[in-house]
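Please open the structure in a viewer and keep the selection panel at hand. The tour below proceeds stop by stop, naming what to select and describing what is there.

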Amino acid sequence: MRKECLLCLGLLLAFTEVIAQKVSANKKAQQGYEEAIQLYRGKKYGEALKVLDKAAAYDRFAELFFLKADIYNKQKNAQAEIDAIEAGLALDSLKYTGYYYFLAENHMLRGEYAKAQAAYKHYLGKDKKQQNALRARQQLKNCEFSLRALAAGKKKEREVFIASDRDVYWPSLDVTGETVLYTSLDEGVENIRMRKGEKTFFLSLNTAENEGTQSLTADGQMMYFTGCGRPDSRGSCDIYVAYRLSDSLWSEPVNLGEPVNTDAWEAQPAISPDGRHLFFASTRSGGRGGSDIWYSTLLGRSSDGRQQWSEPRLLYFNTPGQEMAPFLYYDGKTLFFASDAYTGMGGMDIYKVNLDEAGEPLNMGISINSHENEMGFVVDATGRKGYFTSAQDGKRNIYRFDLDEELRCPETAYLKLKIRDEEGSPVVPDQLVVQVLGKRDTLALYDGMYVNSDMAVCTPAENTLLLSVLKTGYLYYSDTVRVGRADFNRPAEREIIMRKIRENSSLVLKGIFFEVDDYTLRSESEAELQQLVAFMQRNPGIRIEIAGYTDNNGTDEYNLRLSENRAFEVFKYLFLHRVKKDRMTYKGYGKANPVAPNDTEEGRARNRRTEIKVMPAERK
């Protein structure tokens, strides 16, 4: 990276100044050179250059041009710096072979790969000290990779996604694409802004310090971001969470605390679509060098917004170089990140990995990566459009373009939920759980401050989901919904109607499963049973009957016994989880009260069910 190059250049010139006391046989040229060194040390760069120009009229020598190169470097005049180094090497390429490395670095920073390649080869072939050989060899690989990639392919057209007169970067989108957050550099301070339709909002959580590099959950209701220099920060920068109250108004940010945040630098969070897995960059101890990417799993959330996370673990692809800027796609396994250590186009390039396969990172190619630093890469829910940040046009912009076929992600299926009462008014539940029916795979768990009356949940395509909703004073909701093929433009929708608790109201528990012709509860019933326990805990004044039913196969006696045993198993589970016996009864009804004809397997499956019914309150 450029910082490393500048440090190397400064050190080498300091060494040159010590040993090169006599660099010219011409007295006036020697005096001018020495005067220029003193002006350089006093940071009077313009005056030093004028003195060197006068000295060059008496004698041209390599050290004079190398000093010029260092001055041009300080002035950020890259072309003049290159010209000065080349002039110095033309005068003495044997004594100062180390300058081929600096020449190569400058060409690399400008994306001049062929010139950089030639200079790195000169350095590696001629320089005896080889102080920068390790980096030079890696950069030579980058040159070869870049030249091949540019010769083999054509850059795809990209468009500026967010236009601004200031630096803007780090886009993050919800699954619908309707909410876009990004970081904006406002007079040297980073702030988070939101764009929705044609409107842009300055978020309420911004301060006079830096807030940015944010990540949204799929539903757009919760945001993780980097906050620096805040009163409750542990390190220079920490990771915070905030909950969406309106388009511009967000809750007071909460520091994630230990073990996510340490005394080191933690930043650039990427939250999984369901909000249960967090990826972030950190310079903490225990990594492989520089900045590394870590991940942690959510253990719990409190009603005050605080969260508990597992001890972070290091991802497999980290190197002794810099890895940062993670983004997890909506499928929960495709991760993108930025690195300067893998072979690429120079600077920070964007790479792609499949966390399930743990393979070698894939460079995202010339349409995204360049000699500049590329970061903040995301893919929208169609899997076809990529968004990233680059300074390829002189300042940091957010670009959007169509991904090549081989780089696309699978289109995301998602479910839109609307939660209403019986009169059609919005209801904010206490808890909402979405699972794949018959499995332990929880897709979403919303509770505390994180739940809303309108939600969006990423789901696997071609699956039946179990929805469970809790709200104090309302009957527990349990139902299924079928999600077909992924179609971003036509997501599955479900309106959930919450019914007030009334005597004799009943509910089929669609997530309760038993072994065939047996009353042993299957393991995948656990989630539904836990929700039932929570329902009883939230509504301590109600009593329920647990009713078991079968289809019409078998004798009446067998069906009554089987249905009662199954109802008892649910009763026993609730009792073992501290629901008092006097709040519930159980009964088997056998094949009575069918809810569907028994002449099809589908109908018989519906009749094999477990229900709860609200009983009259016990009279004192």
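Begin by selecting Cys458. Its sulfur lies 12 Å from the closest cysteine sulfur, that of Cys409, which is too far for a bond; a disulfide here is a pair of cysteine sulfur atoms within 2.5 Å. Cys458 counts as buried at 12% relative accessibility, where buried means under 20% relative accessible area, exposed over 50%, and partly exposed in between, with a 1.4 Å probe and protein chains only.

Before moving on, note the basis of the values. The model is predicted, so local features need pLDDT of at least 70 and side-chain atom pairs count only at pLDDT 80 or more, while totals for chains, interfaces and linings use all residues. Residues are numbered from 1 along each chain as its sequence is written, and side-chain values use heavy atoms, with hydrogens and water left out.

**The cysteines**

Select Cys409 next. Cys409 is buried, with a relative accessible area of 7%. Now select Cys228 and Cys237, which are joined by a disulfide with an S to S distance of 2.0 Å. The torsion about their S-S bond is about 100 degrees, so the disulfide is right-handed. Cys228 and Cys237 are both buried. By the distance rule, the count comes to one disulfide.

**An open sheet**

Display the strands β6 to β9. Helices (H or I, at least four residues) and strands (E, at least two) are DSSP runs, numbered from the N terminus. The four strands form an open sheet in the order β6-β7-β8-β9, with antiparallel pairing. At the edges stand β6 (211-216) and β9 (254-255), each with a single partner strand, so one side of each is left without a neighbour in the sheet. Strands count as paired if DSSP finds at least two bridges between them; β6 and β7 (residues 222-228) pair in the antiparallel sense over four bridges. To see the register, select Glu211, which stands opposite Gly227 in β7.

**The nonpolar cores**

Which residues touch the most other members of the largest nonpolar core? Select Leu67, Ile71 and Tyr120, which do so among its 48 residues. Such a core is a set of buried Ala, Val, Leu, Ile, Met, Phe, Trp, Tyr and Cys residues joined through side-chain atoms within 4.5 Å. At least two residues of this core come from each of α2 (27-41), α3 (45-56), α4, α5 (78-91), α6 (99-109), α7 (113-126) and α8 (133-152). The most is given by α4, with eight residues. Apart from this core lies another, of 40 residues, among them Tyr243, Val436, Tyr450 and Leu467.

Remain with α4 (residues 62-74) and select Lys68, which lies in this helix. Lys68 is buried, with a relative accessible area of 11%. Leaving aside neighbours within four places in sequence, Lys68 is in contact (heavy atoms within 4.5 Å) with Leu49, Leu52, Asp53 and Ala84.

**Helix α8**

Select α8 as a whole. This helix has 20 residues and reaches 29 Å from its first C-alpha to its last, close to the 28 Å expected at 1.5 Å a residue; the expected span is 1.5 Å times one less than the number of residues. Its buried residues include Leu140, Asn142 and Cys143. Show α6 and α7 as well, since they are included in what covers the buried residues of α8.

**Salt bridges**

A search of the whole structure finds 31 salt bridges, each a side-chain nitrogen of Lys or Arg within 4 Å of a carboxyl oxygen of Asp or Glu.

- Select Asp404 and Lys156, whose side chains meet in a salt bridge (3.6 Å, N to O). Asp404 is in the loop between β21 (397-402) and β22 (413-421) and Lys156 in the loop between α8 and β1 (159-162), 248 residues apart. Asp404 is partly exposed at 27% relative accessible area, and Lys156 is partly exposed at 30%.
- Select Arg538 and Asp430, which meet at 3.4 Å, N to O. Arg538 lies in helix α9 (residues 526-538) and Asp430 in the loop between β22 and β23 (431-436), so the pair ties together parts 108 residues apart in sequence.
- Select Glu557 and Arg561, whose closest N and O atoms are 3.8 Å apart. The two are four residues apart in helix α10 (residues 556-576), a separation of about one helical turn. Glu557 counts as exposed at 59% relative accessibility, whereas Arg561 is partly exposed at 43%.
- Finish with Asp551, Glu601, Arg604 and Arg608, which are linked in a network of salt bridges.
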